[in-house]
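This report looks at charged side-chain pairs and at a piece of nonpolar surface. The sequence and structure come first, and the description follows.

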Amino acid sequence: MAVQETSDLQSQIDEIEALSSIYGDEWCVIDEASRIFCINISDDSERPKWTVSLQIILPQDYPSAAPPIYQINAGWLRGPARMELSNSLEEIYVEHAGESILYLWVEKIREHLVERSLNSYPAEGPEERKTVMTEEEDDGDAFLDYSTLKNTQNTYLFTDRQGDEELPEIRHGETITDRRSTFQPHLARVITPKQVRMILDKLYENKKIATATHNIYAYRIHCEDKNTFLQDCEDDGETAAGGRLLHLLQILDARNVMVIVTRWYGGILLGPDRFKHINNCARSILVQEGYTDTVDEAPKAGGKCKKPKGKKDKMK
């Protein structure tokens with residue numbers, strides 16, 4: 001084993017031991033051999049109002065050369081608020097490049113939760129939020145699909161800060177409506193992680209999208225020089241939906257593409273049908289834009305396909 005790899009491994013061991021000692025039962029080892037961990041973070045240990053699950057995979061070259069792979073799981077954290085918190089974690093990594101940063105990440109998230117708790121109205125408490133959380137509470141375990149992440153190269157979504165890149169064109173597909181819930185897909189060609197962030201920022205400029213119940217996405221970038229894929233996904237509170245979306249891209253071998261499915265919850269639980277609609281939306285726009293030869297893309301499972309007014313790719 002190289003000297004740097006040995007140093008990184010020892011740094012990880014020391015950091016994990018420290019975090020386990022500091023946070024006790026809040027710290028959880030998912031798969032020690034694969035360096036997969038999680039921690040539940042709340043604004044108040046006695047009477048928590050806001051809680052986040054931070055799930056982490058430590059690459060072999062962390063902390064010397066790579067940041068942790070991470071996902072923030074919280075059904076209530078969406079859109080610009082989620083992006084703001086992710087940006088804060090990225091800034092910590094950049095400021096402390098080459099250092100162990102998990103403790104700083106945890107405390108930054110806790111600081112965010114405490115601030116939100118102090119600034120929130122009483123109606124935003126846990127009891128009231130239950131009416132907004134929709135079906136993800138029925139799905140049990142909210143952990144990542146770690147089998148997907150362990151086979152993923154560089155899944156962290158960190159901004160490429162070198163040079164300016166042009167915002168890719170974002171295409172908008174037809175909506176599916178079922179029992180007052182509406183699903184709409186969006187698609188863009190991507191070749192760098194920075195473009196992924198740019199696309200999300202652009203979509204969130206639309207207030208209708210930014211305030212949607214879920215914005216689920218997955219992307220897959222082919223690195224030709226190494227014949228590997230840079231890929232990641234986000235549930236945005238819809239448990240396991242991001243992993244399913246990424247799996248669709250994988251089985252269709254869709255390359256250099258990002259797909260986002262926006263859902264506006266209509267107040268009626270759809271159960272497993274919601275995953276069919278998310279899948280059908282994504283498949284439909286992939287076929288529409290020529291990313292697969294599959295022709296069996298028509299939305300099913302009782303949903304009604306509704307064309308947006310005006311041009312096909314113009315957002316409503």
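## Nonpolar surface patch

I22, Y103 and L104 together make a nonpolar surface patch of about 270 Å². The structure is a predicted model, and the patch area is computed from it.

Of these residues, Y103 can be placed in helix α3. Its relative accessible area is 41%, which puts Y103 in the partly exposed class, between the cut-offs of 20% and 50%.

## Salt bridges overall

The model contains 14 salt bridges. Some of the residues involved are joined in a network, made up of D178, R179, D273 and K276. Three individual pairs are described below.

## A pair within helix α3

Helix α3, which spans residues 102-119, also holds a salt bridge between E111 and K108. The closest N and O atoms of this pair are 3.5 Å apart, which falls within the 4 Å limit for a salt bridge. Because the two residues are 3 positions apart in the helix, about one helical turn separates them.

How exposed are E111 and K108? E111 has a relative accessibility of 46% and is therefore partly exposed. K108 is also classed as partly exposed, with a value of 25%.

## A pair between a loop and strand β8

D253 and R220 form a salt bridge with an N to O distance of 3.1 Å. This pair links distant parts of the chain, with the two positions 33 residues apart in numbering. D253 sits in the loop between α8 (241-251) and β10 (257-264), while R220 belongs to strand β8, residues 214-223.

The two partners fall into separate accessibility classes: D253 is partly exposed at 36%, whereas R220 is buried at 7%. The value for R220 lies under the 20% cut-off, so R220 counts as buried.

## A buried pair involving strand β10

Another salt bridge connects E238 with R263, where the closest N and O atoms are 3.0 Å apart. E238 is located in the loop between β9 (228-234) and α8, and R263 in strand β10, so the salt bridge ties together parts of the chain that are 25 residues apart in sequence.

Are the partners buried or exposed? Both E238 and R263 are buried.

Methods:
Residues numbered from 1 in each chain as written. Predicted model: local features only at pLDDT ≥ 70, side-chain atom pairs only at ≥ 80, totals over all residues. Heavy atoms only, no water. Salt bridge = Lys/Arg side-chain N within 4 Å of Asp/Glu carboxyl O. Helix = DSSP H or I, 4+ residues; strand = E, 2+ residues; numbered from the N terminus. Buried < 20%, exposed > 50% of the residue type's maximum accessible area, 1.4 Å probe, protein only. Patch = residues over 30% accessible without salt bridge, like charges linked within 9 Å, V, L, I, M, F, W, Y side chains within 5 Å. Areas by Shrake-Rupley, 256 points an atom, 1.4 Å probe, with all protein chains shown as cover.
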